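User: I'm new to this structure and would love a close look at one small part of it. Could you then walk me outwards to the rest?

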Amino acid sequence: MKNLVIIAAGGCGREVLQWVKDINEAGNIPRWHIKGFIDDNLAALDNLICDAEILSAIDSYEIDPDDEFVCCIGNSRIRKGVIESLKQRGAEFVTIIHPTAVVADSSRMGEAVIVYPYALISDNAVVHDGCIINMYSSVAHDSVLGEYCTISAHCDVTGMCTLGDRVFMGSGSNIVPGTKIGNDVFICAGSTVMTNLKDGIKVFGTPAKKAVF
């Protein structure tokens, strides 16, 4: 059995701890021994209920040959940097898919992806490396998520959409079919994107327009 090391003991990391327990319980044989967290904030679990411990800071962790990793850092750029740095040191990253998620056989999933409970990855959807897809969110048929996208809870990426790298969708946001979203776009919570968006902008509202705040 492999060890699993969870990077970052914040809210996402503690949620993923539970999802990994659910994966272990769903199988005939547990997939991982949950080794613990690595986090630069060694006090991140103080005063919280958690049955896993912080093993060390990220850079000082000594990688064991039996270790596998999942990165639970919300910021896409930081998540990418940490994953790439650890991979250079020999770390192997796994994709976490909760047992209640629906993932089509024809979909394609990259490395170091996290799929939360009750998410949907539909027919011929493509999810590239490092993405996080939160609970009750969907990636519909023929849509593509670039690397290190973060899809918050209750979001809807409808059919034939293309998202660039490091796109952030706030909770309850939606993208209409066939829309193309550039790199590093930030979609505020509750927004509906109805037009193509260029790189690096923040949008808000229904229909979503460039935010001025």
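In which strand does Thr150 lie?

Analyst: Happy to help. This is a predicted model, in which local features need pLDDT of at least 70 and side-chain atom pairs count only at pLDDT 80 or more, while totals for chains, interfaces and linings use all residues. Residues are numbered from 1 along each chain as its sequence is written, and side-chain values use heavy atoms, with hydrogens and water left out.

Thr150 belongs to strand S14, which spans residues 150-151. Strands here are DSSP runs of E with at least two residues, helices are runs of H or I with at least four, and both are numbered from the N terminus. With a relative accessible area of 9%, Thr150 is buried; that word means under 20%, exposed means over 50%, and partly exposed is in between (1.4 Å probe, protein chains only).

What surrounds this threonine? Its side chain and that of Arg79 are joined by a polar contact of 3.1 Å. Such a contact is a pair of N or O atoms within 3.5 Å; within protein, one must be able to donate a hydrogen and the other to accept it, and residues adjacent in sequence count only if both atoms are side-chain atoms. Setting aside residues up to four places away in sequence, Thr150 touches Gly74, Ser76, Arg79, Ile132, Val167, Phe168 and Met169, where contact means heavy atoms within 4.5 Å.

Met169 leads us on to the largest nonpolar core. That core has 27 residues, and Leu145, Leu163, Met169 and Ile175 touch the most other members. A nonpolar core is a set of buried Ala, Val, Leu, Ile, Met, Phe, Trp, Tyr and Cys residues joined through side-chain atoms within 4.5 Å. Beyond its neighbours within four places in sequence, Leu163 is in contact with nine residues' worth of company that includes Val144, Leu145, Cys149, Met169 and Ile175. A separate core of 22 residues includes Val16, Trp32, Cys72 and Ile96.

Next, a stop at Met160, which sits in the loop between strand S15 (156-157) and strand S16 (162-163). Met160 is partly exposed, at 48% relative accessible area. Its contacts, leaving out neighbours within four places in sequence, are His141, Asp142, Ser143, Gly178 and Thr179.

S15 also takes part in an open sheet of six strands, in the order S6-S9-S12-S15-S18-S21, with parallel pairing. Two strands pair if DSSP finds at least two bridges between them. Strand S6 (102-103) and strand S21 (192-193) are the edges, each pairing on one side only. Inside this order, strand S9 (residues 120-121) pairs with strand S12 (residues 138-139) over two bridges, and Leu120 has Ser138 as its bridge partner in S12.

What about the cysteines? The whole structure has zero disulfides, a disulfide being a pair of cysteine sulfur atoms within 2.5 Å. Cys155 is buried at 2% relative accessibility, but its sulfur is too far from another for a bond, because the closest cysteine sulfur, in Cys149, is 11 Å away.

Stepping back, the chain has two helices and 23 strands. Its radius of gyration is 17 Å, close to the 17 Å that the globule rule gives for 213 residues, so the chain is as compact as a globular protein of that length. That radius is taken over C-alpha atoms, and the rule is 2.2 Å times the number of residues to the power 0.38. Of the 213 residues, 49% count as buried, Thr150 being one of the buried residues.
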